[in-house]
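Biologist: I would like to learn how to read a model of this kind feature by feature. Could we begin with a side chain in a charged pair and go on from there?

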Amino acid sequence: MKIVIIVFSPSGHTLKAAEMIKNSCEEKDASVKLVNITGKNELLFDAERETNLKKQLGEYDLLFIGGPVYAGHMERNILNIIQMLPPPDKTHSNAVVPFVTYGGAHSFIALEETGDLLKEKNYQSLLGIKIAAKHTLTTTFSKVINPDKPGEEEEKIIGEAVDRVFKYLDGGREEIVDRSEAFAYCPEKFRVMLKSYSQEKFHDDFKRVTINDEKCIKCRKCVSVCPVNLFHFTNNAVIMETDKKRCILCAECFHSCPAGAIEHPYIEMARKRLQDGFIEMEEEQSAIYPNE
């Protein structure tokens, strides 16, 4: 069996979950290709990104696709990738498993909207997985949320999910049905609000990340960690893209800068929203949907 895993992972936690999925599938003698789109201009921003994606994917009998939850939504770069997926055919199966990682109060509608979009593309979600992960924005808070996740508990849940998926596939075509209705577990009041407010509406006013040139020591760590390549080293200076729309406010630059040269206005907003790390968490942090 040929399996492809697509992942966008600004902080590395979603990639860790993807690697757990890969290991579980390989234990079942599957051939697995992991396509990490993080920081890949040719897949994120290039004019030929749809063609590039198809070449990267190749053939598959099963597709896993995942990213982190941002402002209650699946991170938009993964949603963009779903829009570019090749239509299911003889070389691209319609069987898919979406997964999300999150560290905030709730995973909200991220899994639901991913399943809906995949369904629009004629893919069938065999099941969905949500995985608790460290919330990187809380690194400097009084309490870091989920500092050691994903860990053993999440690895076990992923193993159970992979077992179920393989049973479905062994059951033949009648088991390849869409089960994405089960992804709508978010309380109704939040579902209504979030379907009206996109990730961009929540975040756009805070995309004012800047570099303090007087503090910058030109170490280029911000260049290496930015998942959307917002920073460049040119003419012996670190500069930023003038159009900051691609910024996702992940704060990887902020937390990686040893000189404190990155000014990131969203950090303090996140501190308030997440109650300095003490916010009440979603009751079932990691789970499989449908929950059998």
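Modeller: This is a predicted model, and a good place to begin is Glu112, which at 5% relative accessibility counts as buried, because buried means under 20% relative accessible area. Glu112 has a charged partner in Arg191, and the closest N and O atoms of this salt bridge are 2.5 Å apart.

Biologist: Is Arg191 buried or exposed, and which parts of the chain does the pair tie together?

Modeller: Arg191 is buried as well, its relative accessible area being 16%. Since Arg191 belongs to helix α7 and Glu112 to helix α5, which covers residues 110-120, the salt bridge ties together parts that are 79 residues apart in sequence. Salt bridges can also share partners, and here they join Glu112, Glu188, Arg191 and Lys195 into one network.

Biologist: How many salt bridges does a search of the whole structure find, and how should I read the others?

Modeller: The search finds 16 salt bridges, and a useful habit is to ask for each pair how far apart the partners lie along the chain. Lys245 and Asp204 form one of them, with 3.4 Å between the closest N and O atoms. This pair links distant parts of the chain, 41 residues apart, with Lys245 in the loop between β10 (237-240) and α10 (252-256) and Asp204 in the loop between α8 and β8 (210-211). Asp204 counts as partly exposed, at 30% relative accessibility.

A contrasting reading comes from Glu268 and Arg271, whose side chains meet in a salt bridge of 3.2 Å, N to O. Both residues lie in helix α11, three residues apart, which is about one turn of the helix. Glu268 is partly exposed with a relative accessible area of 43%, and Arg271 is also partly exposed, at 22%.

Biologist: Let us turn to the pockets. What volume does the largest pocket have, and which residues lie nearest its centre?

Modeller: For a pocket, I would take the volume, then the lining, then the chemistry of that lining. The volume of the largest pocket is about 660 Å³, and its lining consists of 35 residues, with Val69, Tyr70, Ala71, His135 and Arg273 nearest the centre. Two or more lining residues come from each of the elements α1 (13-26), β3 (62-70), β5 (95-102), α7 (188-196), α8 (199-203) and α11 (266-273). By class, the lining divides into 21 nonpolar residues, twelve polar and two charged.

Biologist: And where on the surface should I look for a nonpolar patch?

Modeller: Look at Met193, Tyr197 and Phe202, which form such a patch with about 270 Å² of accessible area together. Phe202 sits in helix α8 and, at 32% relative accessibility, counts as partly exposed.

Biologist: Which backbone features deserve a second look?

Modeller: Most residues other than glycine have a negative phi, and most peptide bonds are trans, so departures from either pattern can be listed one by one. Phe108 is not a glycine, yet has a positive phi of about 50°; it is found in the loop between β5 and α5 and is buried, with a relative accessible area of 18%. Arg220, likewise not a glycine, has a positive phi of about 70°; it is found in the loop between β8 and α9 and counts as partly exposed at 42% relative accessibility.

Biologist: Which residues does a cis peptide bond join?

Modeller: One cis peptide bond joins Lys149 and Pro150, with omega about 0°, and Pro150 lies in the loop between β7 (128-132) and α6 (152-170). Another joins Tyr289 and Pro290, where omega is about -5°, and Pro290 belongs to the segment after β12 (287-289).

Biologist: Finally, how should I read separation along the chain against separation in space?

Modeller: It helps to put the two values side by side for a chosen pair. Val223, in helix α9 (residues 221-225), is ten residues from Phe233 along the chain, and their C-alpha atoms are separated by 7.3 Å. Glu50, in helix α3 (residues 49-57), is 48 residues from Lys2 in sequence and 21 Å from it in space, C-alpha to C-alpha. As for accessibility, Val223 is partly exposed with a relative accessible area of 24%, and Glu50 counts as partly exposed at 47%.

Conventions:
Residues numbered from 1 in each chain as written. Predicted model: local features only at pLDDT ≥ 70, side-chain atom pairs only at ≥ 80, totals over all residues. Heavy atoms only, no water. 1 Å grid on protein atoms, 1.4 Å probe; cavity = no way out; pocket = protein on both sides within 12 Å on 5 of 7 lines; lining within 4 Å. Points joined across faces, edges and corners; volume = space filled by probe spheres on them. Helix = DSSP H or I, 4+ residues; strand = E, 2+ residues; numbered from the N terminus. Nonpolar A, V, L, I, M, F, W, Y, C, P; charged D, E, K, R; others polar. Patch = residues over 30% accessible without salt bridge, like charges linked within 9 Å, V, L, I, M, F, W, Y side chains within 5 Å. Areas by Shrake-Rupley, 256 points an atom, 1.4 Å probe, with all protein chains shown as cover. Salt bridge = Lys/Arg side-chain N within 4 Å of Asp/Glu carboxyl O. Buried < 20%, exposed > 50% of the residue type's maximum accessible area, 1.4 Å probe, protein only.
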